[in-house]
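Thank you for making time this morning. I would like to walk you through one structure, with the sequence and the model in front of us as we go.

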Amino acid sequence: MGRTFTFFFFTLSLLNCALIIAAKGVGGALYNVATFGAKPDGKTDSTKAFVDAWAAACGSTGRPTIHVPQGRFFISNAITFNGARCKNKGVNFNIKGTLVAPSNYRVLGNKGTWLAFQYVTGVSISGGVLDGQGDGLWACKVAGKGGCPSGLTNIGFTSSKNIAIKGLTSLNSQLYHIVFVGCQNVKVQGTKVSASGSSPNTDGIHVQSSTGVTIRSTTIGTGDDCISIGAGTTNMWMENIKCGPGHGISIGSLGKEMNEPGVQNITVKTATFTGTQNGVRVKSWGRPSNGFVKDVLFQHITMVNARNPIIIDQNYCPGNKGCPGKVSGVKIDSITYQDIHGSSASPVAIHFDCSAKNHCTGLRLENIKLTYNNNKPASSMCAFAGGSSYGLVQPKGCL
């Protein structure tokens, strides 16, 4: 009998230890939003539960985890996760469920960002779905009657560093899906972005004034740029990207402001563009600016009926307002296009429309094979573009 009781208490001790470890999570405390009152029914407002879970995690030491179980969690308001006073070096979000925004776009349409992270360090997000329910606002904007709010970004990080996002899905954002501004050392992997190809201004991932951003193995289909790269972005790497529908991967638009930091050391490697408006694009406003783009590599890229597979547009001027008759001040230098093949949906597969004042320099085309409608010869057009071609280049380059 003594041995039986000894074994019983030993087993109970092991169970208690397991429960303690589960409560602490990996390296720190575990905070389940359900224990703070979140309901997985898609109707009950869970905003406060997420705010309270963040406050608890932020105030704890170690490396805490905020756990979101399966189900649909209605987040009725915009939340700011401010890390300025956190006592730890990072918070993990383990998301198994779906966060749902209000379907009435007027509720949050002018709030900027739905899930906003500011001054955070070491935040990681694993899994989960963010459903912005933006189709109502898209319809409002497409109708063109005015009175529509600007829209809400699904998730954004500002002035933050050491960020990791893996396996996150962003659906139907009212505006941009995922945004990084003023960030350092960001890693995005295995992420999916999805919205209608006709949804306006729904950029998949937007990066600005940031350095050390890496995006890998990510699939984006949306109504605007799959990835947009704004002023002040340096040392950015994108690899194994699937884009379409959408407007391609765009550096810019740049040069809207006179004083603007440049874009440098950007790599896009192993990407497929399917049915996109553009493939790889650089665009700048046709107006004075001291901005620049340099040291860019587009490599190992497949085009499947992309309308403008390779394009530089330095005469961007939506609505012909604020720039007619002016030329872009943005200086473009050292852009390499290497091993790009496939089909163009338009006869012009390579289009370099550079600034009449600051000509593009150092453009390099190497091993390019693009056809029009799969098998017809395509053409190229160049204005104020300088550079060189190497190996097979089809259509014949105009540099």
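Which residues of helix 2 are buried? Before I answer, please keep in mind that what you see is a predicted model. The buried residues of helix 2 are Thr-47, Ala-49, Phe-50, Ala-53, Trp-54, Ala-57 and Cys-58. If we look down the axis of helix 2, these buried residues fall within an arc of 165°, so they line one face of the helix. The length of helix 2 can be checked too: it has twelve residues, 47–58, and at 1.5 Å a residue these should span 16 Å, which agrees with the 17 Å between its end C-alpha atoms.

One of those buried residues, Phe-50, leads us to the empty space inside the model, since Phe-50 is among the residues that line the largest cavity. A search of the whole structure finds one cavity of 30 Å³ or more, and the volume of the largest cavity is about 80 Å³. Alongside Phe-50, the lining includes Phe-81, Phe-93, Ile-95, Leu-99 and Leu-115, and also Phe-117, Ile-125, Leu-130 and Ile-155. Strand 6 (92–95) and strand 8 (113–118) each give at least two residues to this lining, which by class holds ten nonpolar residues, no polar ones and no charged ones.

Let me turn from the cavity to the largest pocket, which has a volume of about 390 Å³. The pocket is lined by 21 residues, and those nearest its centre are Tyr-176, Asp-203, Gly-252, Ser-253 and Lys-283. By class, this lining has five nonpolar, nine polar and seven charged residues. At least two lining residues come from each of strand 17 (205–208), strand 21 (249–254) and strand 23 (278–285). Two of the residues nearest the centre, Gly-252 and Ser-253, are joined by a cis peptide bond with omega at about 15°, and Ser-253 lies in strand 21.

How do the strands that reach the pocket pair with others? Strand 17 runs parallel to strand 14 (residues 178–181), with four bridges joining the two, and in that pairing Val-179 stands opposite His-206. Strand 14 is also parallel to strand 11 (residues 153–158), again over four bridges, where Gly-156 is opposite Val-179. Strand 23, for its part, pairs in the parallel sense with strand 25 (residues 308–316) over six bridges, and Arg-281 faces Ile-311 there. Strand 25 in turn runs parallel to strand 27 (residues 348–353), joined by four bridges, with Asp-313 and Asp-353 as bridge partners.

I would also like to point out some details of the backbone. Another cis peptide bond joins Gln-394 and Pro-395, with omega at about 5°, and Pro-395 sits in the segment after strand 31. Strand 31 itself (residues 385–394) contains Val-393, which is buried because its relative accessible area is 12%, under the 20% cut-off.

Finally, there are positive phi values in residues other than glycine: phi of Asn-201 is near 60°, and phi of Asn-240 is near 55°. Asn-201 belongs to the loop between strand 16 (192–194) and strand 17, whereas Asn-240 is in strand 20 (residues 234–243). Asn-201 counts as partly exposed at 36% relative accessibility, and Asn-240 also counts as partly exposed, at 38%.

Note on methods:
Residues are numbered from 1 along each chain as its sequence is written. This is a predicted model: local features need pLDDT of at least 70, side-chain atom pairs count only at pLDDT 80 or more; totals for chains, interfaces and linings use all residues. Side-chain values use heavy atoms; hydrogens and water are left out. The expected span of a helix is 1.5 Å times one less than its number of residues. Buried means under 20% relative accessible area, exposed over 50%, partly exposed in between (1.4 Å probe, protein chains only). The arc is that of the directions from the helix axis to the C-beta atoms. On a 1 Å grid over the protein atoms alone, a cavity is a set of points where a 1.4 Å probe fits but cannot get out, and a pocket is an open set with protein on both sides within 12 Å along at least five of seven lines; lining residues have an atom within 4 Å of a point. Grid points are joined across faces, edges and corners, and a volume is the space filled by probe spheres set on the points. Ala, Val, Leu, Ile, Met, Phe, Trp, Tyr, Cys and Pro count as nonpolar, Asp, Glu, Lys and Arg as charged, and the others, Gly among them, as polar. Two strands pair if DSSP finds at least two bridges between them.
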